[in-house]
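Biologist: I am new to this structure, and I would like to go through it with you by asking how each term is earned.

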Amino acid sequence: MSNQRVELPDTPAAYNRDVERIEVELLLEGVYRHYGFDFRSYAYSSLKRRIWKRITQEGLASVSQLQDRVLHDSSLMEKLLLDLSINVTAMYRDPGFYAAFREKVVPTLRTYPFIRIWHAGCSTGEEVYSMAILLEEEGLYDRARIYATDINEVVLQRARAGIFPLEKMQEYTQNYLRAGGTRSFSEYYTAMYDGALFNTTLTRNVVFSQHNLVTDGSFSEFNVIVCRNVMIYFDRKLQNRVHRLFYDSLSRRGVLALGNKETLRFTDFEDKYEVVDTREKIYRRTA
Amino acid sequence: MSGESEAGYRMVVVGASAGGLYALRTLIAGLPADFDMPVVVVQHRAKESELLCELLQECTPLPVTEVMDKQEIGPGVFIGPPDYHLLVDDGSFALSTDDPVRYSRPSIDVMFQSAAETYGMDTVGVVLTGANQDGSAGLRQIADAGGHCVVQDPETAEVRVMPRSALKAVPDACVLTLEEIGPHLAGIRGRRVPPCPPRDA
Ligand SMILES: C[S@@+](CC[C@H](N)C(=O)[O-])C[C@H]1O[C@@H](n2cnc3c(N)ncnc32)[C@H](O)[C@@H]1O
């Protein structure tokens, strides 16, 4: 955990905000044209915070200095990519979501001969393993195929490895039980010195691959799309574009699951879905 | 960027930690029913605590909502959800699960900073009771941007550390009791007020 004490705010108070805006736009433009990662429509205030975090850590003094370095040094771009794609995640994060999914979505999935699920922005994979376990317990796993994607290849590699911090297992076990888990959570992993290695059978129907929600298109049709705590980093315009992508990628009556604090209400797609669970932000495509 | 306005302040940001529930209820109860500036509240609390909105709604006719990502900013009381940082962008809120800042998520400093950077001198910052230093750096930034700063009188705070630390960072903040803060905010609408004279330590 990077819980180092930050005494100074990330952005110098005296910095000229208008100049900063120009510099940030130039940086993002450069990153896009040189590396192909498009952060130009990410929510500005949190994006800026993370850019400054990198500037401070590199001992630089301005956004322009960072731009200069990033464009000439791809290893710095890798670091910046990690900064900009916040990867916080957990197994059974928001246990209520998994409980609601089990109760309200699984019965429909039972009626399908084959189930296709897309976890968009899956980060290091914790929620994918959580879903795999849930489907396994519901007897649906063998009919399911999970496509787990993220913009960031580094986190995908960790997801494929399936090793999560051992010290998290107590918390995850609690989450699992609150999510309606029916077995002993420790059945699913082997404890090693450096972590908990999850059973490789859990990923036999999972495909991890790189996909950028901003620049890449649809690649299949899905019964369920899970995209939680990813679009909070996008501005409203970009959110709408990604919702178009999801809408076009969902089958009829397909299910869309957003994060707890996200809602379709502020998007153009509100009337194209019905609510399956208000609290957990689970929607079903109607139109 | 939404520039600064001649007319006066446009956003009130409030930070509270330990002891905050009573403090927030008192402050909010002191706001008039036609108070038209958004009041944005960051209260440190546990992940699962959910009653805060309801408890605050009991004491005001203003709408109290827990913020959803990209919610539009308008009149009313807005509460940051537990376990997310709350930031403002042009006209709407943005949430983030960025690392905790000084062990806090939500962080008052993060909220205050984004308000200061977006609303500049049109920002009013209020620091209430609490047992840590969150909010001090953010309040300093609001002051530097030309905004107006208010700190709960530490002597009347349930926990004094946070208001004391905020006063150290911004010595010319207005020091008020909880009961005075609501009416004070109502009184400064539509005009600019100078910083308060420093108090004797
Ligand atoms: C906060 S994590 C959320 C992880 C998980 N969905 C959860 O809720 O626990 C956000 C993830 O979105 C990914 N991301 C950010 N921008 C993206 C984009 N344009 N396309 C795909 N993934 C993106 C990041 O790399 C990061 O892993």
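Biologist: How many residues surround the ligand, and which are the closest?

Modeller: The ligand is surrounded by 22 residues, the closest being A:Tyr42, A:Asn87, A:Thr89, A:Arg93 and A:Asp150, where a residue is near a molecule if one of its heavy atoms lies within 4 Å of it. This is a predicted model, in which local features need pLDDT of at least 70 and side-chain atom pairs count only at pLDDT 80 or more, while totals for chains, interfaces and linings use all residues. Residues are numbered from 1 along each chain as its sequence is written, chains are lettered from A and ligands numbered from 1 in the order in which they are written, and side-chain values use heavy atoms, without hydrogens and water.

Biologist: What makes the pair formed by A:Tyr42 and the ligand a polar contact?

Modeller: A polar contact is a pair of N or O atoms within 3.5 Å, and a polar side-chain atom of A:Tyr42 lies 2.7 Å from a nitrogen atom of the ligand, so the pair qualifies. A polar backbone atom of A:Gly121 is 3.0 Å from a ligand nitrogen atom, and for A:Ile151 a polar backbone atom is 3.3 Å from one.

Biologist: Why does the radius of gyration of chain B agree with a compact globule?

Modeller: The radius is taken over C-alpha atoms, and the globule rule is 2.2 Å times the number of residues to the power 0.38; for 201 residues a compact globule would have a radius near 17 Å, and chain B has 15 Å, which agrees. The C-alpha trace of chain B spans about 40 × 35 × 30 Å along its principal axes.

Notes:
A polar contact is a pair of N or O atoms within 3.5 Å; within protein, one must be able to donate a hydrogen and the other to accept it, and residues adjacent in sequence count only if both atoms are side-chain atoms.
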